[in-house]
Amino acid sequence: MIIKIPEPSLILLIGPSGSGKSTFARKHFKPTEVLSSDFCRGLVSDDETDQTATNDAFEVLRFIAAKRLAAGKVTVIDATNVQVEARKPLVALAREYHYLTVAIVFNMPAKLCQERNEVRPDRNFKSHVVRQQSQQLRRSLRGLKREGFRNFLYVMSTPEDVETVQVERQPLWVNRTDEQGPFDIIGDIHGCFDELVELLEELGYEISTQPNGETVVQPSQGRKAIFVGDFVDRGPKVTEVLRLVMGMQKTGAAICVPGNHDVKLVRALRGKNVNPTHGLAESLSQLEQESTEFKTQIAEFLNDLVSHYVLDNGKLVVAHAGMRAELQGRASGRVREFALYGETTGETDDFGLPIRVDWADEYRGPGMVVYGHTPVAEPKWVNRTINIDTGCVFGGKLTALRYPEKELVSVPARQTYYEPTKPLPDEVNELPSVKTQGYDDILDIDDVRGRRVISTRLHHNVTIREENTITALEVISRFAVDPKWLIYLPPTMSPTETTNIPGLLEHPTEGFTYYRKQGVSNVIWEEKHMGSRTVVIVCRDPETAKRRFGVADDTLGICYTRTGRRFFDDATVETELLRQVKAAIDKVNYWEVFSTDWICLDCELMPWSVKAQELLRQQYAPVGTSARVALGEAIASLETTAEQGVDVSHILDDYRQRAEAVTEYVKAYQQYCWQVQSVADLKLAPFHLLATEGAVYFDKNHLWHMETLSKLCQNSEDTLLFATHYGVVDVTDDTSQTEAIRRWEELTEDGGEGIVIKPLDFIVQGKRGLVQPAVKCRGREYLRIIYGPEYTLPQNLERLRSRGLSHKRSLALREFALGVEALERFVRCEPLSHVHECVFGILALESEAVDPRL
Amino acid sequence: MLLTISTAYSPATDLGYLLHKHPARIQSFGLAFGQAHVFYPEARTEKCTAALLLDVDAVGLIRRPHGQFAENFALAQYVSDRPYVASSFLSVAIARVFSSALSGKCKERPELAETEIPLKVKLSILPCRGGEKLLRRLFEPLGYTVEAERHALDTRFPDWGESRYFTVTLETTCRLSELLTHLYILMPVLDDEKHYWVGDAEIEKLLKHSNDWLADHPEQESIVRRYLKHQRRLTRQALAQLREEDAQEADETVQAQEEEQVEKWIGLNEIRLATVTEVLKQCGARRVLDLGCGEGKLLRKLLAEKQFEKIVGMDVSHHALRIAQERLNYDRLTEKQKQRLCLFQGSLSYRDKRLVGYDGAAVIEVIEHLDLPRLAAFERGLFEFACPRTVVLTTPNIEYNVKFENLQAGRFRHKDHRFEWTRDEFQSWAVGVAKRFDYTVVFHPIGPEAEDVGSPTQMAVFTRGDREARTT
């Protein structure tokens, strides 16, 4: 006997104790696929045979089963299952998750079971128990089909049956996950044959008419068409459409799913009493003169179509009216219903049409869902779903979506073949059609709340702890800019390892050594400006901002800080700054160079005092003033004392050193401050060209970034843009390193903050995973404003040398991976929530406790 | 940080006896947080000056394991003024280094310790929250002549303004121990900060060092409050002890005063909350949301009404929710009461399934804290997705701001307000929202109405349209 197991399905092993269920399960299933009641009994009571624990054990079993079913796993229930009451909740569970159910019955002689039980030390129940179970099983046998095991019921009556049986797994019809495309998915046709032919030609398919009048379609290079159904009704050439589509399916050139109209036609063709409304009458009259044989063929073809398909490893789902994530790849009446009709509230609107539940708006599944059914004026992406029924038969157009390119191709209807009951949704009255965000312009709290695991391309899964998401929710809600603008946040950056060079904490040598150890030979150093990190997004015009980012106001872009706050409180400053950046981009015509109408830059904005005014007033200046006065008074007093002949020299020396350090400290912070009256007093130094339409630039090395951006800066007519100094270093070559160190010394002696050392390539995967994308090496004087004015005193410096970098570095990698992920998702036009979760994650990670001086 | 004490008492060098420190030597003392040195810049018979120089080891402080110093002390900021200013560190140093002088004991010259002598104190840097005014109000009633020089934040950037630091000279004639207790208590009071945890023991310390002078000090209350780090319970207890009342009585007095105040002048907030509660009651709501519940003032009112079967308080601030939980005694509620009240963190910029299925929602003084571009998300989240039958929403009426004497023209009422609306602005927004989401809206003033400018708070009550009623 061959037992066919659809994947996924819920399999009930049915048989008395000792009938061989567990042995069978061990032989044919993975241990994790099998849920045994005995084992669950053990879990809750430490005793697998404790019958008083049965209720609790089944609660556990059903709980685990539910989790597996939700995850789409094959699940085997290894329990006696001989009573209908025992099977009922399991069948109900399968229904809830749209699972097929399989019954494998072990109808063994009671005597045999009893004998087996007797030799097992842990089964010492009385013989009547097994007898009773056998009786219950036999009573059940007849009803099993009706209970929900109609298609998959296997009964084995002898040990030989069990021994020789073969188990074959077969994927459900809906699963064609190994078909990877490329595909051309075509919307509702409704008998619009001419437009269909034109569209196929447009897509590069070769269409020829055979001598026998048959139309043969040859797909373009390796492609395949997928039809979302509704071939018939309303339109003029239903027969031709059906012929063509059936032919394509037969030759493997097309995959079809059924539409509600197609299903209704089948019923009509099979003589059922169907109301010939909504265009059915047209189909029937066109088919009238066809042969009965052809009509039977049509009925068979349409009837055999599978509700929906999951393709390309689950990345693509095609169904006529769409498919909720939890129904994809499942089989049940409900799934088929959904595929054909979608979901309705049960109410009707003013036009008498059913009000639909907007499943797409809530869609959070990983797969892209392409569907039709409800005509729309323009296809719109909503949370990785797209409706491509553009109402050809109503005078709209016939649309195809190319997969995986995500390109839309359409041909206009040659005429209005059928008057719509209600007008197609007018674009003007709709929300702005945003490429990524469409209707999902509002985020759901469940996209960010609680513990989160975000999977990234660069750095596996990044886990965000709940305590951090709590903090981030407040930050992002109260202070951040509109999430639609937040497509990226820069990662934190670790300093170099601590140097042992006297008088210093950081030195470039350690940075070079780090990368050499990671197997990176060429690095770049870039001057680190002492300003504030800022992300600048600038659009070609306000319409781009509206269309691409979905914002409502009339802005050209935005400037925000590394924690997602708007950089300028004064909107006029921001507007002017963006205007100047745009003017510079116009000048070098990067719009055309990168074929884009928006650009996202990673920059440093100076002076520091613009953003740090509060900090300067509250922290830096007070410390400087109080230290200067206090140390001055102390020194004066000590000097007077010394004049009295008291030996205070050791304290006095110490105080003089401290006073010097404080003077240096004040000088250090003052350098980064200047009066800002207008944009003319600002400097913006861009150092990464992060993204443009459809592209991120993490595959370009830093030399490319620096060159591309200095060209931008040099061609700017305003004084705003500021090119950054940089140099390439071969970390295996001493001369090259010495030269870079000399530049670092020069820069920092002048009061510069220091340098950032990056591997030449933007992203480097080393032997042990992702390598730090950058390390900073700060100057001795600058560090006074981080470690305190007097950190350079020997007694302080020695203690400060012990600092742990590992947490900071791990944080930097996680944030970097999330930032890259966010931008990549954005340029792929993924839903707002997918971009937002990454950015939110970065903000949440920022609330992890790490030494802020690093 | 340098503190000098001079006297012109003759022989002035007797100051050495009083301080129990030899004038011809420098002495150093190890402290938990650094080092103190005592030396004499001047030691003549006519005039003698003792100096206490305190080194606070800033680096050491930071490297201490967590929790040894009060957490909200500026440790988090590594660039700190603590090593340079007179603060609770200096008070502790005085108690340690001049312990006998502080308690008025002197073995060699016991009578001198009891004698009022001319004294002059100089504090190189004293932070004064409250400025020179407070400095004078604290020291002058104690008989000091005060001289204070204020320092600019940064002379290179004059527009940054003045710092809160003063170089202070105090002159008086009194017992040395008195002077030291004054400094011991008043330096941290002016600084308004403590580097250690303040608990019940701090009351004892305060009373021990101030018993004879604080009882009659005109600034008694603010001294006590600041010294005890603004902790209400401690302040109340300390004041009661100072006034020789018992604390129980004091509690009652305070409560009575509070009640009196309420009766005399019901605050705007009180009117607002009462109005909102009434509206929710009138509309027949049973399950209600308080969105942006803050510390739970409205929740308390709602809980008192048995009509409300389920009450949810949501706020974006986890901290505010914890305070609300405390104020509402959440942990002491019975299981049943707990089922009635539910607090959770949430944000009005996101849609939230947890808010679905309620028939009333209060959004009290909340929207003005949202950036204007984010109102759209709030509107959809509340009116489209949560869609409670009634929404009560209040916000300030900016027109009324001219009536607030303390409010600078052009300023909003709260630093965090992102906008404040005129009545027209508010009403046209609300009418737009109502239209878009199928609600009806009516407006009410809250608080005393003034001619031309209306009431301080404006309220909109939205009622959801009835779909069936509409279609028939």
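**Close-up views of the predicted two-chain model**

**View 1. Helix α3 of chain B is largely enclosed by the rest of the structure, because eight of its 10 residues, within the span 88-97, are buried.** This view, like those that follow, shows a predicted model. The buried residues of α3(B) are B:Ser88, B:Phe89, B:Leu90, B:Ser91, B:Val92, B:Ala93, B:Ile94 and B:Val97. Their packing partners in chain B are the strands β1, β2 (27-31), β3 and β4, together with the helices α4 (99-102) and α7 (176-191).

**View 2. Strands β1 and β7 of chain A form a parallel pair.** Strand β1(A) spans residues 2-7 and is joined to β7(A) over six bridges. One position of this pairing places A:Pro6 opposite A:Gln170 of β7(A). Strand β7(A), residues 166-171, is hardly covered, and the count of buried residues among its six residues is zero.

**View 3. Helices α5 and α6 of chain A pack against each other at an angle of about 140°.** Two packed helices are described by the angle between their axes and the distance between the axes. Here α5(A) covers residues 110-119 and α6(A) covers residues 127-141, and their axes are 9 Å apart. The crossing of the two helices, α5(A) and α6(A), is right-handed. From α5(A), the residues A:Ala110, A:Cys113, A:Gln114 and A:Asn117 meet A:Ser127, A:Val130, A:Arg131 and A:Ser134 of α6(A). By class, this contact comprises three nonpolar, four polar and one charged residues. An α-helix has 3.6 residues a turn, so residues three or four places apart point the same way.

**View 4. Six strands of chain A make up an open sheet with mixed pairing.** The strand order is β8-β14-β15-β18-β20-β19. The edges are occupied by β8 (175-176) and β19 (381-382) of chain A, each of which has a single partner strand, so one side of each is left without a neighbour in the sheet. Within the sheet, β18(A), residues 368-371, runs parallel to β20(A), residues 385-387, and three bridges join the two strands. A:Val369 has A:Thr385 in β20(A) as its bridge partner.

**View 5. The contact between the chains involves 52 residues of chain B and 45 residues of chain A.** On the side of chain B that touches chain A, the elements that give two or more residues are the strands β1 (2-7), β3 (34-43), β4 (48-56), β5 (117-127), β7 (162-174) and β11 (350-351), and the helices α2 (58-63) and α16 (375-386). The largest share, six residues, comes from β3(B). The residues on this side of chain B divide into 26 nonpolar, 15 polar and 11 charged.

**View 6. A strand pairing links the two chains: β23 of chain A runs parallel to β11(B).** Strand β23(A) consists of residues 443-444 and is joined to β11(B) by two bridges. The bridge partner of A:Asp444 in β11(B) is B:Arg351.

**View 7. The domain assignment divides chain A into domains 1 to 6.** Domain 1 (2-171), domain 2 (176-427) and domain 6 (609-671) are each given as one segment, while domain 3 (435-480 + 805-854), domain 4 (499-528 + 729-802) and domain 5 (530-607 + 681-723) are each given as two. The C-alpha centres of domain 1 and domain 4 of chain A lie 65 Å apart. For chain B, the assignment gives domain 1 (2-197) and domain 2 (268-471). The centres of domain 1 and domain 2 of chain B, taken over C-alpha atoms, are separated by 51 Å.

Definitions and conventions: Residues are numbered from 1 along each chain as its sequence is written. Chains are lettered from A and ligands numbered from 1 in the order in which they are written. This is a predicted model: local features need pLDDT of at least 70, side-chain atom pairs count only at pLDDT 80 or more; totals for chains, interfaces and linings use all residues. Two residues are in contact if their C-beta atoms, placed from the backbone, lie within 7 Å. Helices (H or I, at least four residues) and strands (E, at least two) are DSSP runs, numbered from the N terminus. Ala, Val, Leu, Ile, Met, Phe, Trp, Tyr, Cys and Pro count as nonpolar, Asp, Glu, Lys and Arg as charged, and the others, Gly among them, as polar. Two strands pair if DSSP finds at least two bridges between them. Domain bounds come from an automatic or database domain assignment. Axes are lines fitted to C-alpha atoms, for helices over the stretch in contact, and angles run from 0 to 180 degrees between N-to-C directions. A crossing is left-handed if the near helix is turned anticlockwise from the far one by less than a right angle, and right-handed if clockwise. A residue is buried if 20 or more other C-beta atoms lie within 10 Å of its own, exposed if 12 or fewer, and partly exposed in between; C-beta atoms are placed from the backbone.
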